[in-house]
Structure formats: structure tokens, C-alpha cells
Amino acid sequence: MKSESENILKGIGAAPGIAISQAFIYKKEKEEITNESITDIDEALENLDVALEKSKKELRKIFSLAVDKLGEKRAAIFDAQIMILDDPILVSTLQNRIKNEMRIPEYIVNDEISKYTDLMNLSHEPYMKERSHDIEDIKNRIVRNLKKKKWKSKITSDVVVVTSTVSPSDTVLFSRVNVKGYVTDFGGLTSHAAIVARSLNIPAVVGLHDASNRIKEGDLLIIDGFKGEVFVNPDEKQLHYYQKKISQLQKQDTELNKLRELPAKTLDGKEIQLFANLELIDEIELITRNGAKGIGLVRTEQLFEEYEAFPDEEEQYKVYKTIAERIYPETVIIRTFDIGGDKVLPVDLKEPNPFLGWRGIRLLLDSPQLFKSQIRAILRASSHKNLKLMLPMITSISEIKKSKEIINECKEELKKEDFAFDKHMGVGIMVEVPSAAVLIRDFAEEVDFVSIGTNDLIQYILAVDRGNEIVSSLYQEFHPAVVRTLHHIISESKNAGTMVSMCGEMAADPFAVPLLVGLGLDSLSVSASAIPLIKKIIRNLTYKELQSLATECLAFKTEKEINNRMRRFFNEKEKDHIKNLY
Amino acid sequence: MIERKVKIINNAGLHTRPAANIVKLASKYKCEFSLIKDGLNINGKSIIGVMTLAAEKGSEITLVFDGIDEELAASEIVDYFNRGFDE
């Protein structure tokens with residue numbers, strides 16, 4: 001056994017499943033720019049042109065949103081950055097150098113623009129150093145866009161992507177190619193890579209620390225997303241074991257698929273509505289295949305991630321309409337853009353505390369044009385009466401009232417413009433901030449439904465950044481403060497007669513589901529891939545036993561007690577029932 | 001060819017906003033336009049070039065215009081410098 005363990009890397013299993021494929025090392029900014037020569041000049045010029053255009057669009061997207069917040073000075077810098085991408089002297093020099101020197105465009109871009117930053121760095125004026133950073137920023141953007149194109153064309157066969165971290169735009173990039181799994185150095189269960197991998201049903205192991213250094217391009221990898229293990233260049237025995245395991249899993253999938261038409265009903269007859277979360281339009285198929293009751297959360301900011309500019313009303317309308325029609329007659333809840341300051345602002349403007357900064361509803365209310373284009377698009381797609389709109393990051397009742405006013409304005413406009421829409425389209429809020437949890441009764445009376453977003457709620461209640469590895473073990477969904485807050489939200493919403501559901505990662509955790517049902521949740525929204533398993537778990541329990549389980553957990557004073565209780569319950573009740581599945 | 005010496009008179013110096021405006025003004029004209037300071041000769045139609053000029057309040061820059069519409073260009077751009085970039 002000892003000789004075997006040498007090739008095993010241990011991390012966190014972030015998305016279940018097993019994959020056997022070659023490693024594709026994805027190194028981003030850190031990679032050195034080599035001065036490789038080229039043979040096809042036209043192709044290189046074309047790539048430069050595309051990268052410049054893409055960079056321009058990216059900057060305009062940032063600029064269009066941030067302009068009010070930037071202040072005049074910063075806005076001027078943006079304007080100048082966009083001008084640089086059109087600078088006739090710079091662009092023609094770049095083109096001529098590519099033609100004459102026959103080197104890859106990223107080398108030429110880096111070399112040429114560095115001449116300017118070197119000059120700026122010679123100056124003793126402190127603002128010139130700052131300016132040099134701005135120019136550096138634009139250089140990196142062009143180089144990144146030149147490389148991105150290359151990454152895409154490089155992946156031609158099935159691969160496991162090995163990287164330090166995966167950003168939202170990377171995952172969109174990879175969803176278009178043959179990626180069989182993700183292996184990352186950083187990140188936890190709720191990191192973006194993990195969420196997307198789960199929703200696309202691709203196994204992922206995260207938090208491996210130095211995997212991207214220890215694994216070489218082309219190494220054969222087995223990734224076990226259940227246990228969080230990666231086997232580098234496995235031996236015959238390991239390969240054989242996992243090949244067998246893969247065929248077992250396929251059999252189990254067929255088993256679970258039989259549940260498709262059956263309701264998620266407890267043994268004593270309480271039915272739980274299982275909805276799916278949607279991040280990418282490609283997921284619709286899996287959602288219908290896995291028997292979801294509808295979509296409980298459309299993450300619109302993710303849906304349009306690959307668009308270079310913010311999608312206009314018409315573009316959004318088309319996408320929302322497609323989703324509404326394909327899910328009809330079931331319901332779809334569309335959440336308006338939950339964009340954070342860290343995602344839109346340029347590097348040097350980043351907020352020191354983006355999670356406590358300009359994000360969600362704050363950004364939307366500050367950007368009325370963007371907000372209205374989205375509301376109008378959703379309303380226009382609502383004519384089949386199966387859409388609802390959900391507001392992110394609500395912290396006060398005035399944000400709900402202001403948003404409702406804007407929604408009404410949009411309805412008036414659409415009426416005048418003769419558009420068909422659902423006049424009574426439901427409006428709800430995310431409950432993901434402690435203030436919303438405390439004031440839930442008042443908030444619930446203002447809206448048609450509430451949905452608990454556990455990822456943010458837990459991190460705000462416990463003051464733990466889930467992406468920070470040093471403290472991520474303190475991010476505990478079974479912390480008594482979390483469990484009691486959930487109880488408060490659920491019972492107070494019900495007292496107000498408002499529908500309450502949950503759409504965070506906790507809802508997809510098989511250990512947590514019995515507690516959530518026991519606390520009184522009537523609906524859960526999870527990754528489509530998790531639906532069959534959760535259905536199977538619920539169908540094996542009685543609501544009565546879950547209620548007393550919840551009462552028991554509400555009395556505990558420590559996370560450990562609740563955690564142990566839930567694991568014991570799971571082992572006693574479910575382990576044999578779903579053996580080998582999890 | 002027209003050569004003019006100008007002085008930076010606004011407090012903030014030749015920062016990004018005026019740099020962008022100078023390039024925008026220059027781009028309207030056909031003539032060539034360059035800025036010379038401390039031996040550095042910069043093409044005035046290149047924003048990235050103009051941004052490499054560190055020119056604080058009080059510094060002097062030579063502007064050179066060369067081409068059919070050099071007079072019009074010189075008068076508009078020199079005027080912009082003399083107005084302290086409207087700040």
C-alpha cells in the first residue's frame with residue numbers, strides 16, 4: 001500500500017464523480033512569455049486584432065457600469081485605456097513588428113508596451129508609477145486575451161484541467177471544450193469552480209495546494225470527486241479499480257433515473273418540491289432529465305458571463321424566453337444580476353472588502369439603466385406566467401420598496417409599448433444577509449416568496465470568508481447560529497404566509513437535507529445533478545422523525561453536537577439505502 | 001513646420017485627462033504633431049506616447065506641427081495648453 005500512496009494527492013472532493021483522463025496544465029498570468037517564432041503572419045495579425053477588440057469590449061463593459069462610481073479622474077483613465085487599444089502609432093508598430101520579427105503577438109505586445117512603462121518608471125514623479133501600473137494593466141489584458149484563444153484551440157481531446165484557481169470566465173471557457181474534470185490548488189466546497197463543476201456534472205477536487213506544480217502536462221490522472229483524491233500516473237491496479245467503479249456508477253445512475261417521474265415525498269406523505277439551479281444554458285437538458293420541478297435559481301450574472309458587454313434587453317429577453325419555454329409549465333425563478341464589486345471594477349479600484357461592498361441590489365439600484373433592462377426582459381419573457389423575479393443581497397425594506405417601484409415603472413412602460421407580460425409576476429428576495437434574517441417577518445410580508453442563500457448567509461453570520469483557506473474550516477453549516485437562524489427564517493416566513501425555499505449549497509448536502517426538511521422547508525433548489533440522490537434520501541424518511549430531529553438539533557449548543565447527530569442519523573437511516581452512491 | 005514652446009500652468013500637470021484630450025484634438029488634423037521634452041520626442045497622436053511624458057506644473061514642452069493644416073492645429077492645441085487644460 002505504501003508504494004501506491006506516493007502518487008495520491010489529497011484535497012477536497014468538490015464535485016462528485018470519477019474521471020480518468022490526461023492532465024492539461026492551465027497556468028494563467030504566471031506563465032512566462034516566450035519569444036517563439038511564427039510562420040503564419042496573417043493568423044498572428046488576426047489574433048492580435050481579435051485580442052484588441054475583445055479587450056476594448058471588456059473595458060467598455062466595466063466602464064459602462066462603473067462610470068458613476070469611478071469619479072472623474074478614474075473615468076479619464078478608463079477612457080485613455082480604451083484609446084490606447086486604438087492608438088494608431090502603437091497598433092501599427094505592433095503589426096509591423098509581427099511582420100518583420102515573426103514572433104508570437106504576445107511577445108511583441110509585451111515587449112513594445114514595456115518600453116513605455118520602463119520610461120514611466122524612470123520618472124521621479126509618483127503619479128508616473130501609478131500610470132505605469134495602468135499601462136501594465138492594459139498590457140496584461142491584451143496578453144491574456146491572446147492566450148485565451150490559444151487555450152481553447154489547444155484542448156482537442158478529453159482532459160482534466162489542472163490549475164491554481166479557476167475564475168468564472170475560465171469555467172465558461174472550459175464548458176465549451178472536452179473537460180472531464182477539474183483539479184485546483186486553491187478553493188473550497190463553495191468556490192466558484194466547485195459550484196460550476198457540480199452543475200455540469202463534472203468531478204472536481206480542489207484545495208490540493210501544489211497540484212499544478214506536481215502534475216505534468218499529459219500525465220494520466222484519475223480523479224475521485226467523492227473522496228477528494230487524485231492519482232497521478234496510476235498503476236494497473238488503481239486503473240482497474242477505478243474503471244470498475246466508473247461502470248458501477250453508470251449502473252447507479254440508471255437506478256436513480258428511475259426516480260425521475262416519482263415525487264420527492266416522505267414515507268408519511270409530505271412532498272418536497274425539488275428545483276434546480278441554473279448557471280449555463282447547457283444545463284437545461286440535465287434539469288429536465290433529472291426530473292426537477294422547475295428552476296429555483298437562475299444565476300443571470302453567470303448566464304451572460306461570456307458576453308463581452310452587458311447584454312441588452314433584447315439579448316436577455318431571448319435567453320429568458322428560451323428558458324421559460326423549455327421549462328414550461330413548471331416555474332422559473334430568475335435572480336437579477338448579483339454582481340460584486342470584485343467582479344466589475346479594475347484591479348487598482350478593487351474594494352478592500354468586496355463582500356461588504358458594492359454588490360447585488362446595491363449595484364442594481366445605482367445602475368437604473370442596467371436594472372431596468374433586466375426587469376423589462378424578464379417581464380417580456382413572462383407571458384406564459386411561469387416566471388418569477390428574485391432580488392439579491394436585500395438588507396433593508398427600502399431596497400424592496402424601491403425595486404418594486406422600478407418594476408412597476410417597467411410594467412407601465414411595457415403596457416404603453418403594447419408588450420404582453422404577466423401582470424402578477426411574483427417578486428421575491430434572497431435571504432442571505434443577517435439583517436434580512438432578523439427582519440424576515442416584515443420582509444416576507446412585502447414579497448411573494450423568499451429564498452435562503454446559504455453560501456452568503458453562513459459566511460456573514462459566522463464572519464468567515466469561505467474562500468479563505470486559513471479560516472474555511474470555521475465555515476460551518478451546522479453551527480447552532482446557522483441552524484437557529486434558518487429555523488427563524490422558515491417559521492417567520494410561514495407565519496407571514498410567504499413561500500420559503502433554499503437555493504444555497506447546503507440544500508444539496510445529503511447530510512443536511514434531513515434537517516432542512518425537518519425545519520419545515522417545502523422546497524429546495526439544488527444543482528440538477530444532485531436531484532436524484534436527494535429525492536432518494538427524502539423518499540426513505542418520515543416527516544415526523546425529521547421534525548423531532550430538527551427539534552433536537554435546535555437545542556444543541558455546539559456545531560460538533562449537531563454535526564455528530566446529523567451524521568449518526570444519516571448513517572443509521574440512509575447509509576445502506578444509498579450505499580456506494582456517496 | 002511650426003514650432004511652439006508652451007508651459008504647463010494647471011496645478012495637476014499633464015495628467016491623463018488632458019493627455020487624452022490633446023490626442024483627440026490632434027487626431028482631427030492631417031498634419032504631424034510631436035511633443036518634445038527633455039530630449040524625448042513623442043508622437044502627439046499616440047495616447048500611450050503622450051502618457052509617458054511626465055510634465056508637472058511649470059515644465060516647458062516644445063510642440064512641433066508639420067503638414068497642410070499645421071496652423072489650425074497649432075492654434076487649437078497651443079490654446080488648450082494656455083487655458084491650463086480648462087482646469
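1. In this note, helices (H or I, at least four residues) and strands (E, at least two) are DSSP runs, numbered from the N terminus. The model is a predicted one, in which local features need pLDDT of at least 70 and side-chain atom pairs count only at pLDDT 80 or more, while totals for chains, interfaces and linings use all residues. Residues are numbered from 1 along each chain as its sequence is written, and chains are lettered from A, with ligands numbered from 1, in the order in which they are written.

2. For the complex, the predictor reports an ipTM of 0.93 together with a pTM of 0.75. For chain B, the average pLDDT (the predictor's confidence in each residue, from 0 to 100) is 93, and 100% of its residues score at least 70.

3. One detail of the backbone to look at is A:Pro329, which sits in the loop between α12 (313–327) and β12 (331–335) of chain A. The peptide bond that leads from A:Tyr328 into A:Pro329 is cis, with omega near 5°.

4. Chain A contains an open sheet of eight strands, ordered β1-β8-β7-β3-β4-β5-β6-β2, with mixed pairing; two strands pair if DSSP finds at least two bridges between them. At its edges stand β1 (8–10) and β2 (12–15) of chain A, each of which pairs on one side only. Within this order, β7 (residues 220–224) and β8 (residues 229–232) of chain A run antiparallel and are joined by four bridges; when you follow β7(A) to A:Ile222, you will find that its bridge partner in β8(A) is A:Phe231.

5. Chain B has an open sheet of four strands in the order β1-β4-β2-β3, and here the pairing is antiparallel. Its edges are β1 (2–7) and β3 (40–43) of chain B, and because each has a single partner strand, one side of each is left without a neighbour in the sheet. Five bridges link β2 (residues 32–37) and β4 (residues 60–66) of chain B in the antiparallel sense, and B:Ser34 stands opposite B:Val64 of β4(B).

6. Where the two chains meet, the contact takes 18 residues from chain A and 15 residues from chain B, two residues being in contact if their C-beta atoms, placed from the backbone, lie within 7 Å. On the side of chain B that touches chain A, the elements giving two or more residues are α1 (16–27) and α2 (47–50) of chain B, and α1(B) gives the most, with five residues.

7. The largest nonpolar core (buried Ala, Val, Leu, Ile, Met, Phe, Trp, Tyr and Cys joined through C-beta atoms within 7 Å) has 94 residues, of which A:Ile295, A:Ile429, A:Val431, A:Leu516 and A:Ile534 touch the most other members. Leaving aside residues up to four places away in sequence, A:Leu516 touches A:Met502, A:Ala507, A:Leu521 and A:Leu524. There is also a second, separate core of 52 residues, which includes A:Leu59, A:Ile62, A:Ile108 and A:Tyr116.

8. Two residues of chain A deserve a careful look at phi. A:His209, in the loop between β6 (204–206) and α8 (211–214) of chain A, has a positive phi of about 70° although it is not a glycine, and with 15 C-beta neighbours inside 10 Å it counts as partly exposed. A:Asp418, which is not a glycine either, has a positive phi of about 65°; A:Asp418 belongs to the loop between α16 (397–416) and β14 (426–431) of chain A and is exposed, with 6 other C-beta atoms within 10 Å. The cut-offs are 20 or more other C-beta atoms within 10 Å for buried, 12 or fewer for exposed, and partly exposed in between, with C-beta atoms placed from the backbone.
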